[in-house]
Amino acid sequence: MVCLVSRTGRELQRYNSKGGRQVVGCIPYRYKEDNDGNKSNELEVLLVSSQKGQALMFPKGGWELDESIEEAACRESLEEAGVTGIVEGDLGQWSFISKRHGTYYEGHMLPLFVKEQLDLWPEKELRRRVWMTVDEAREICQHWWMKEALDIFVKRLTQQQNM
């Protein structure tokens, strides 16, 4: 059973030693299928619209005290994009200024191999989700640090495939 309500509030929010809010983002991905359901090597990633606009980005949100980084990544992917799957190793940590609050945030990004895409999810009425190629995502994604994480992720996948 999937919870159809997003977490709200900042009571459990994590902050780093400098007072920066810690957020976790996810790069949901899959391999494109043809009309017969055969998987290809073509990678697709999932972006979501921002809550209050049409800007596209990877799902992300606050990392809370009662969850691991992997749990936060899974929760954000479910709440914002309506996907579940397998979280893989951390891609890194970035420091960036929040456009909304004008303060420094600490962002972490992890890939999520999508196993299931839900028809109903907590923020379905607030966001749209769009599967696209890596090149399209790099062009459209609104956050520089997410683009860097995407590049690290693609490099990691390429190295694994070449082994």
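**Exercise 1. Locate Arg127 in this predicted model, decide whether it is buried or exposed, and find which side chains it meets in polar contacts.**

Solution. Begin with the position along the chain: Arg127 lies in the loop that runs between strand β7 (104-117) and strand β8 (129-133). Next, consider the accessible area, for which the cut-off is needed: a residue counts as buried when its relative accessible area is under 20%. Arg127 has a relative accessible area of 11%, and it is therefore buried. Then turn to the side chain, which makes a polar contact of 2.5 Å with the side chain of Glu123 and another, of 3.2 Å, with the side chain of Glu80. Finally, list the residues that Arg127 touches when those up to four places away in sequence are not counted: Val48, Ser49, Ser50, Gln51, Glu80 and Trp121.

**Exercise 2. Ser49 is one of the residues touched by Arg127; describe where Ser49 is found and what its side chain reaches.**

Solution. The first step is to place Ser49 in strand β2, which covers residues 39-49. The second step applies the cut-off of under 20% once more: because its relative accessible area is 2%, Ser49 is buried. The third step looks at the contacts of Ser49 beyond its neighbours within four places in sequence, and these are Gln54, Ala55, Leu56, Leu126, Arg127 and Arg128. With one of them, Leu126, the separation can be given in two ways, since the two residues are 77 apart in sequence and 8.3 Å apart in space from C-alpha to C-alpha. The last step concerns the side chain of Ser49, which reaches the backbone nitrogen of Arg128 at a distance of 2.8 Å.

**Exercise 3. How many aromatic pairs are there, and why are the pair of Tyr29 and Phe153 and the pair of Trp94 and Trp145 classed as they are?**

Solution. The count comes to 6 aromatic pairs. For Tyr29 and Phe153, the ring centres are 4.7 Å apart and the planes stand at 55 degrees, so this pair is tilted. Tyr29 belongs to strand β1 (residues 21-33) and Phe153 to helix α3 (residues 144-161), so the pair ties together parts that are 124 residues apart in sequence. Both Tyr29 and Phe153 are buried. For Trp94 and Trp145, the centres are 6.4 Å apart and the planes stand at 45 degrees, so this pair is tilted as well. Here too distant parts of the chain are linked, with Trp94 in strand β6 and Trp145 in helix α3, 51 residues apart. Trp94 and Trp145 are both buried. To complete the picture, Tyr29, Tyr31, Phe113 and Phe153 form one aromatic cluster.

**Exercise 4. Describe the whole protein: which elements does it have, and why does its radius of gyration agree with that of a compact globule?**

Solution. Start with the elements: the protein has 3 helices and 8 strands, and from the N terminus on their order is β-β-β-β-α-β-β-β-β-α-α. A compact globule of 163 residues would have a radius of gyration near 15 Å, and the protein has 15 Å, which is why the two agree. Along the principal axes, its C-alpha trace spans about 50 × 35 × 30 Å. Buried residues make up 46% of the 163 residues. Of the contacts between residues at least 6 apart in sequence, 68% join residues at least 24 apart. As a last step, note the confidence of the prediction, since the protein averages a pLDDT of 90 and 93% of the residues score at least 70.

How values were computed. Residues are numbered from 1 along each chain as its sequence is written. This is a predicted model: local features need pLDDT of at least 70, side-chain atom pairs count only at pLDDT 80 or more; totals for chains, interfaces and linings use all residues. Side-chain values use heavy atoms; hydrogens and water are left out. pLDDT is the predictor's confidence in each residue, from 0 to 100. Helices (H or I, at least four residues) and strands (E, at least two) are DSSP runs, numbered from the N terminus. Buried means under 20% relative accessible area, exposed over 50%, partly exposed in between (1.4 Å probe, protein chains only). A polar contact is a pair of N or O atoms within 3.5 Å; within protein, one must be able to donate a hydrogen and the other to accept it, and residues adjacent in sequence count only if both atoms are side-chain atoms. Contact means heavy atoms within 4.5 Å. The radius of gyration is taken over C-alpha atoms; the globule rule is 2.2 Å times the number of residues to the power 0.38. Rings of Phe, Tyr and Trp (its six-membered ring) pair if their centres lie within 6.5 Å; planes under 30 degrees apart count as stacked, over 60 as edge-to-face and the rest as tilted.
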